[in-house]
Amino acid sequence: METLKTLAALREWRAKQKGSVGFIPTMGALHDGHLSLVERAKAENDTVIVSIFVNPTQFAPHEDYDTYPRELTSDKAKLEAAGASAVWAPTPLEMYPEDFVTSVTVGGSVTSVLEGAFRPHHFGGVATVVAKLFGQVSPTNAYFGEKDYQQLMVITRMAQDLSIPTKVLGCPIYRDADGLALSSRNAYLSDEHLVIAKKLNRILKEAIANTKTMSIKDAENRANDDLLIAGFHKIDYVVIRDAEDLSEVEDGTKRPLRILAAAWLGNTRLIDNMAV
Ligand code: AMP
C-alpha cells in the first residue's frame with residue numbers, strides 16, 4: 001500500500017491505475033465503519049484509495065478540529081490489512097495553500113435544515129473538500145456512509161450539479177452489538193457516557209414503532225423526552241422526515257421516511273439515523 005503525501009505523488013499513482021478506482025474520503029481515526037466502506041469498494045473496483053484528512057474548513061472555530069483524533073500510523077496498518085491500495089494523506093497546506101480562495105456551496109433545503117441549521121458553515125467545507133478530493137483522485141466510484149445521511153445527500157447533489165463523473169454511493173451504517181453507530185467521536189466518551197450513547201439507537205427504533213400508534217409530532221416529542229431521560233444533555237433534533245429531501249411530512253404519508261437525530265453528551269455530539 002502506498003502512502004501519498006503530495007499532489008504530484010497522487011497524480012503519478014492515479015496515472016498508473018488501470019480499471020476502476022474506488023475512493024473513500026475519511027478524516028481518519030479509522031474504525032470498522034470506515035473499513036466496511038473499504039470492503040465494499042474493494043468488491044466493486046480494481047483498486048481502492050482512502051483519503052485521510054481532517055478538513056479544517058468544515059469545523060466552526062468552537063468545534064473540535066484541534067482535538068479530533070489523529071492516528072495516521074495505526075490507520076495505515078488498518079487500511080493495509082483491509083487491502084487498500086493507497087492512502088492519500090495530504091497536509092492542510094497541500095490542500096489549502098495560502099492563496100486558496102474557492103468554495104463550493106450547495107444551496108437549497110438539503111444544506112439549510114438539520115445539520116445545516118445547527119452547523120451553518122459545515123456543508124460548505126464538506127462540499128469544497130470533497131469537490132477538491134474528487135478533482136485530485138478522479139475516482140470511478142466514491143463511497144460514503146449513511147451514518148452522515150445528509151452529507152451523502154449533499155455530495156450526491158454536488159456531484160450531479162457539477163457534472164462530476166464519479167458515481168457517489170451510499171453504504172449502510174455499521175453498528176456495534178448494542179446498535180451504537182461507530183464513530184471516531186465515540187473515542188471522546190467516558191464509560192458513563194458510552195452507556196447512555198448506546199441508548200440512542202434503541203430510542204430511535206422505539207420512535208419508529210410509536211408512529212404506528214401516535215402522530216409523527218408526538219413520536220418525535222416522545223423520543224426527545226426519552227433521550228433526555230436516558231441522560232443526553234441536549235438534543236439538537238430528533239425528527240422524522242421525508243427520506244428523499246428531508247422535508248417535513250404529514251401523518252399518513254406514503255413516502256419513504258427517515259428518523260434523524262443529533263444529541264449531546266457533555267462536549268460530544270452524536271448523530272444517528274434510520275429508515276422508518
Ligand atoms: P469521517 O471520517 O467521520 O469523515 O467518515 C468518513 C466516511 O465514513 C463518511 O462517509 C462516513 O459517513 C463514513 N462512516 C463513518 N462512520 C460510519 C459507520 N458507523 N458506518 C458506515 N459509515 C460510516
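In what follows, Ala, Val, Leu, Ile, Met, Phe, Trp, Tyr, Cys and Pro count as nonpolar, Asp, Glu, Lys and Arg as charged, and the others, Gly among them, as polar. The model is predicted, so local features need pLDDT of at least 70 and side-chain atom pairs count only at pLDDT 80 or more, while totals for chains, interfaces and linings use all residues. Residues are numbered from 1 along each chain as its sequence is written, and side-chain values use heavy atoms, with hydrogens and water left out.

The ligand is surrounded by 17 residues, of which Met27, Gly145, Asp148, Tyr174 and Leu182 come nearest; a residue is near when one of its heavy atoms lies within 4 Å of the molecule. By class, this shell comprises nine nonpolar, six polar and two charged residues.

Several polar contacts, each a pair of N or O atoms within 3.5 Å, can be described individually. The side chain of aspartate 148 places an N or O atom 2.6 Å from an oxygen atom of the ligand, and for the side chain of histidine 34 the corresponding distance to a ligand oxygen atom is 2.9 Å. From tyrosine 174, a backbone N or O atom lies 2.8 Å from a nitrogen atom of the ligand. Taken alone the ligand exposes 480 Å², and the protein buries 93% of that, with accessible areas taken from the Shrake-Rupley method with a 1.4 Å probe.

Two or more residues of the shell come from each of β2 (21–26), α2 (32–44) and β5 (141–145). Of the elements, α2 gives the most, with three residues; helices (H or I, at least four residues) and strands (E, at least two) are DSSP runs, numbered from the N terminus.

Key. A polar contact is a pair of N or O atoms within 3.5 Å; within protein, one must be able to donate a hydrogen and the other to accept it, and residues adjacent in sequence count only if both atoms are side-chain atoms.
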